[in-house]
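Q: Could you take me through one part of this protein slowly, in plain words? I'd like a close look at a single sheet and what sits around it.

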Amino acid sequence: MVMAVSFERYGRLYYLDPGEFRPRVGDKVLVPTDDGPEVAECVWAPQYVTEEIGGLPSCAGIASAADLDRDEQNRQRRADARVTAKRTIRQHGLPMKVVGIDFVDRRADIDQLVIVYFSAPHRVDFRELVRDLARALRARIELRQVGARDEARLQGGIGPCGRDLCCATFLKDFEPVSVRMAKDQDLPLNPLKISGACGRLMCCLKYEHPLYQEFNAKAPAVGSAVETPAGDGVVVGHNVPSDTVVVRLAASGRRCACSRADVCSPRQQYEASSTTTPDAAPEPPTEPPTAPPTEPPTEPPTAPPTEPPTAPPTDPTNRTGPTNRTEQAEQGERVEQGVDGVDTVGESRAERRVRKPRRRRRLHHDDEGESTQ
């Protein structure tokens, strides 16, 4: 369980673990601090949370009547010490401004301690001031210089938005803020418009800056031509909180606010796609054009396998052979015709074997007849 308390009315919230105590809103409880238990007001009653939160300080209990009397006396002492510190600073003529006073009386090492928070434009020599304050307040004095933002946190106030200052209510750490954030949000670069109560840039410039960065990265730039449901036009402005784009129509010249999704190119491509648009009628599937059936190429009749014929003498300078199959076939027919001019194309292997031995025998008889003569 978690509960929230505040030391000042409309001040910063501090979260505690209620433990075994169940205070209600408005009850006074004891909060453990470095200087001992202090009285605070319960702002949020103990309640269960969805996430497990650890490391919270535990509530020290419900404040008793003695604790309330001591807290009221310390409030009066702080008010008196503030008046005394301002008067003493004015007597010394120091450029100091008292911001806050803390009165501590529950530390074991000291009896009473008064902590004075002040702001100054530069370093101040306040050694004589400390001696005079210690003599006037009859307590130990500690001076602490704070910056402009811490000054606004301690004093509190109302911001330009009409609400309590963020630093005095819920901000724990001050994040860096730059003028670039104001430029990205199209804010006027007037110091009076973008400065807070502390005189620095407002902390709230950091809150919406990531949203503006995301919008500017995806939305069309000013001056670009876009297509809208109302017609074509030119972008003339952005409205980041409403996620819209101001477009001046080309046909009528009037301005209209369109959603960023309607003018973005990816959305238009998505809607133009027939496969992703649910309202578009499905197109019939188109088949690729089929070529007419072609007959297989006819090859010239090949002769039966024969013994490798003797190639005719060729020119040694001509080293290029036949370039196509027709020339190869013509050359093979010329080789197979033989010396006697007998066309041997179409003969079977058995007929060729029968004819060749007869030829050899005839030539042998001719040789024998010549030898006998």
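A: Sure, let's start with the whole chain: 26% of its 373 residues are buried, where buried means under 20% relative accessible area, exposed over 50% and partly exposed in between, using a 1.4 Å probe and protein chains only. Before going on, note that this is a predicted model, in which local features need pLDDT of at least 70 and side-chain atom pairs count only at pLDDT 80 or more, while totals for chains, interfaces and linings use all residues. Residues are numbered from 1 along each chain as its sequence is written, and side-chain values use heavy atoms, with hydrogens and water left out.

The protein chain has 11 helices and 12 strands. These are DSSP runs numbered from the N terminus: helices are H or I with at least four residues, and strands are E with at least two.

Now for the sheet. It is an open one, made of 3 strands in the order β6-β7-β8, with mixed pairing. β6 (97–104) and β8 (140–145) are the edge strands with a single partner each, so one side of each has no neighbour in the sheet. From one strand to the next, the twist averages 20 degrees. Two strands count as paired if DSSP finds at least two bridges between them. In general, strands of a sheet pair through backbone hydrogen bonds, either parallel or antiparallel.

Let's zoom in on β7. This strand covers residues 113–119 and runs parallel to β8, joined to it by 6 bridges. Val 116 has Leu 143 in β8 as its bridge partner, and Phe 118 stands opposite Gln 145 in β8. With β6, the pairing of β7 is antiparallel, over 7 bridges; there, Lys 97 is partnered by Ser 119 of β7.

How much of β7 is buried? The count is 7 of its 7 residues. Both faces are covered: Leu 113, Ile 115, Tyr 117 and Ser 119 are buried on one side, and Val 114, Val 116 and Phe 118 on the other.

What packs on the sheet? Helix α1 (residues 65–92) does, touching β6 and β7, and its direction makes about 140 degrees with that of β6. Contact here means heavy atoms within 4.5 Å. Helix α3 (residues 148–155) lies across β6 and β7 too, at about 60 degrees to β6. For these angles, axes are lines fitted to C-alpha atoms, for helices over the stretch in contact, and angles run from 0 to 180 degrees between N-to-C directions.

The sheet also helps line the largest pocket, since β6, β7, α1 and α3 are among the elements that each supply at least two residues of its lining. A pocket is an open set of points on a 1 Å grid over the protein atoms alone, where a 1.4 Å probe fits, with protein on both sides within 12 Å along at least five of seven lines; lining residues have an atom within 4 Å of a point. β6 gives the largest share of this lining, 6 residues. In total 44 residues line the largest pocket, and Phe 7, Glu 8, Tyr 14, Asp 102 and Leu 154 lie nearest its centre.
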